[in-house]
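Reader: Got a minute to go through this one with me? I'd like to start with the residue contacts and then check the backbone.

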Amino acid sequence: MSCILNIDTSTEVCSVAVSNEAELIFNQEDHSGPNHAERLGVFVDEALSFIDNHAIPLDAVAVSCGPGSYTGLRIGTSMAKGICYGRGVKLIAVPTLELLCVPVLLEERVSEDALLCPMLDARRMEVYAQVFDRSLREQRPIQADVVTADTYKEFLDRGPVYFFGPGAAKCMPTISHPNAHLIEDVEPLAKNMFPLAEKRIAQERFEDVAYFVPFYLKDFVAKLPKKLL
């Protein structure tokens with residue numbers, strides 16, 4: 001087990017948490033945002049002071065890596081990289097859609113045969129979405145979906161699918177399937193990151209601090225004409 005500083009700025013919420021030995025020991029959240037530029041530095045300074053005052057060695061920084069807010073992800077990634085360079089610790093990337101699944105699974109709010117479909121709002125009837133089973137095995141990769149009644153029919157015809165996250169509520173009237181279930185008030189938060197971060201530490205899945213970019217940048221760079229790269 002490790003001491004991990006967890007940062008999430010993927011949506012309008014700004015949150016920072018510290019976990020040690022797989023227990024949450026510090027947590028700060030601002031839901032009035034987007035205030036990432038104003039609040040993140042304050043929260044991180046408080047978190048690092050807490051760690052230092054309790055003489056706990058920091059092992060890694062975990063940051064949400066998208067998809068999500070362009071500006072929010074930039075701010076969170078820059079902060080995470082700076083801490084990693086300054087403290088000489090590892091960088092861990094936690095996908096935002098996977099992070100959304102953690103509180104749903106921890107609270108056991110879904111049936112055993114359920115599939116999970118976390119969603120992030122991408123304006124109008126568009127969302128970033130992914131499909132997992134209860135073991136967080138990917139059943140469909142991340143896609144930018146224009147949601148219609150048939151978008152998730154393949155999965156809904158097989159059994160219950162639970163939709164949640166900041167983009168889910170607006171989609172439910174359109175999906176309108178008896179196996180479709182909405183779980184409300186689920187947001188990506190730093191306090192829920194550490195189970196995923198601990199798993200990546202055990203697997204030694206660390207990021208290169210110099211070259212790591214969040215989801216939106218990878219997606220953007222891949223579409224650039226080669227003459228611009």
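**Contacts and backbone oddities**

Author: Sure. In this predicted model, Asp8 touches Val13, Cys14, Ser15, Ser64, Leu99, Pro188, Leu189, Ala190 and Met193, leaving aside residues up to four places away in sequence.

Reader: Which side chain of opposite charge is nearest to Asp8, and how far away is it?

Author: Asp8 sits in strand S1 and is buried, yet has no salt bridge. A salt bridge would need a side-chain nitrogen of Lys or Arg within 4 Å of a carboxyl oxygen. The nearest candidate by charge is Lys191, and its distance is 12 Å.

Reader: OK, then which side chains make a polar contact with the side chain of Asp8?

Author: There are serines to look at here. The side chain of Ser64 is at 2.9 Å, and Ser64 also turns up in the list of residues that Asp8 touches. The other partner, at 3.0 Å, is the side chain of Ser10.

Reader: Moving to the backbone, which residues does the cis peptide bond join?

Author: Look in the loop between S4 and helix H2 (70-87), where Pro67 is found. Omega is about 5° there, and the bond joins Gly66 and Pro67.

Reader: What about phi: what value does Ala22 have, and is Ala22 buried or partly exposed?

Author: Ala22 lies in the loop between S2 and S3. Its phi is positive, about 65°, although Ala22 is not a glycine. Buried means under 20% relative accessible area. Ala22 has 30%, so it counts as partly exposed.

Reader: And Leu136: is it buried or exposed?

Author: Leu136 is in the loop between strand S7 (126-133) and strand S8 (138-146). Phi is near 60°, a positive value in a residue other than glycine. The relative accessible area of Leu136 is 17%, and the cut-off is under 20%, so Leu136 is buried.

Reader: Which residue just after H6 takes a positive phi?

Author: Helix H6 covers residues 194-202, so to speak the stretch to look past. Just after H6, phi is about 55° at Glu204.

Reader: Last one: which residues of H6 are buried, and what covers them?

Author: The buried ones are Phe194, Leu196, Ala197, Glu198, Arg200 and Ile201. Their cover includes strand S1 (3-8), the strand that holds Asp8. It also includes strand S2 (14-20), strand S3 (23-30), strand S4 (60-64), strand S5 (90-94) and helix H3 (96-106).

Terms used: Residues are numbered from 1 along each chain as its sequence is written. This is a predicted model: local features need pLDDT of at least 70, side-chain atom pairs count only at pLDDT 80 or more; totals for chains, interfaces and linings use all residues. Side-chain values use heavy atoms; hydrogens and water are left out. Buried means under 20% relative accessible area, exposed over 50%, partly exposed in between (1.4 Å probe, protein chains only). Helices (H or I, at least four residues) and strands (E, at least two) are DSSP runs, numbered from the N terminus. Contact means heavy atoms within 4.5 Å. Lys and Arg count as positive and Asp and Glu as negative; His and the chain ends are not counted. A polar contact is a pair of N or O atoms within 3.5 Å; within protein, one must be able to donate a hydrogen and the other to accept it, and residues adjacent in sequence count only if both atoms are side-chain atoms.
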